[in-house]
Amino acid sequence: MAATSAQGWAQLRQQARSLETQTETLLHTYSQFSAQVHIPAKPTDEEKTTESKLQELLEKRDTVISQLARILDSETTLGSSALKQSNLSLLRDKLADHRRDLSRLRATLSEARSRANLLGSVRDDISAYRAANPEAAEADYMLDERNMIDRSHDTADNVLSQAYAVQEGFALQRERLANINRRITMAASQVPGINTLITRISAKKRRDGIIMGSFIAFCFLMVWFFS
């Protein structure tokens, strides 16, 4: 009898876990309906089928959990019963979570559909008004065009303002560099021998440049002469 009870418990628990996995998959599918860009005004057949399957899975899981509870009540082994009681509590908690998830998703989908229907109704009213009042529709069109032009002008003004700010920043940096150069020159003029040293370094650089240029010209002439 105990072996039969243990076997029945294992089978029912495995069935409960399988139904739990199926529920999670369908909940994910059901959540996609509220994430659509264009939500249909009425539930589609796929949406209705998914919701019906979810409700059916939740009822099956409730039945399986009740059967597990009856098996647990009939057992007398305390150690085994404590472990099974923990497993049963987890199954019940998961079932309650999934029921809350379904209710939340159903409410979210209903709100999204109501919002989409309201926007669609407003668009239809605007279209009907424009169809019945072509002069007003033309005025609205011109107003929209004017607003687009104004936004374009604002964008151009912002770009120009940024360009002027960058130009001003460059001017400030150039002025700072000039000030630094003047300070260095003034400091160098106040230290004895600095100007002479700078002049010699500059002269040496010019001399090295002349020598290097002459050598390159000589090599070029030799290559051209012997080629």
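Here are three short exercises on this predicted model, each with a worked solution.

**Exercise 1: the overall fold**

Work out which secondary structure elements the chain has, and how much of the chain is buried.

*Solution.* Start by counting elements: there are five helices and zero strands. Next, walk along the sequence, and you read α-α-α-α-α. Now check burial: 18% of the 227 residues count as buried. For the outside, the chain exposes about 17,300 Å², with carbon and sulfur atoms supplying 59% of that area. Finally, look at contacts with a separation of 6 or more: 74% of them come from residues 24 or more positions apart.

**Exercise 2: two annotated spans**

Find what UniProt lists for residues 88-115 and residues 209-226, then look at each span in the model.

*Solution.* Take residues 88-115 to begin with: the unreviewed UniProt entry lists them as "coiled-coil region". In the model, this span is 100% helix and 0% strand, and its end C-alpha atoms lie 41 Å apart. Then move to residues 209-226, which carry the annotation "transmembrane region" in the unreviewed UniProt entry. That span is also 100% helix and 0% strand, with 26 Å between its end C-alpha atoms.

**Exercise 3: Trp 224**

Place Trp 224 in its helix, decide whether it's buried or exposed, and say which patch it helps make.

*Solution.* First the helix: Trp 224 sits in α5, residues 194-226. Then the exposure: Trp 224 has a relative accessible area of 60%, and exposed means over 50%, so Trp 224 is exposed. Last, the patch: Trp 224 joins Phe 218, Phe 220, Leu 221, Met 222, Phe 225 and Phe 226 in a nonpolar surface patch of about 900 Å².

Notes. Residues are numbered from 1 along each chain as its sequence is written. This is a predicted model: local features need pLDDT of at least 70, side-chain atom pairs count only at pLDDT 80 or more; totals for chains, interfaces and linings use all residues. Side-chain values use heavy atoms; hydrogens and water are left out. UniProt positions are given in the numbering used here, feature names are shortened, and annotations may be inferred rather than shown by experiment. Helices (H or I, at least four residues) and strands (E, at least two) are DSSP runs, numbered from the N terminus. Buried means under 20% relative accessible area, exposed over 50%, partly exposed in between (1.4 Å probe, protein chains only). Contact means heavy atoms within 4.5 Å. Accessible areas come from the Shrake-Rupley method with a 1.4 Å probe; for residues, only the protein chains shown count as cover. Patches are made of residues with over 30% relative accessible area and no salt bridge: like charges are joined within 9 Å, nonpolar side chains (Val, Leu, Ile, Met, Phe, Trp, Tyr) within 5 Å. A salt bridge is a side-chain nitrogen of Lys or Arg within 4 Å of a carboxyl oxygen of Asp or Glu.
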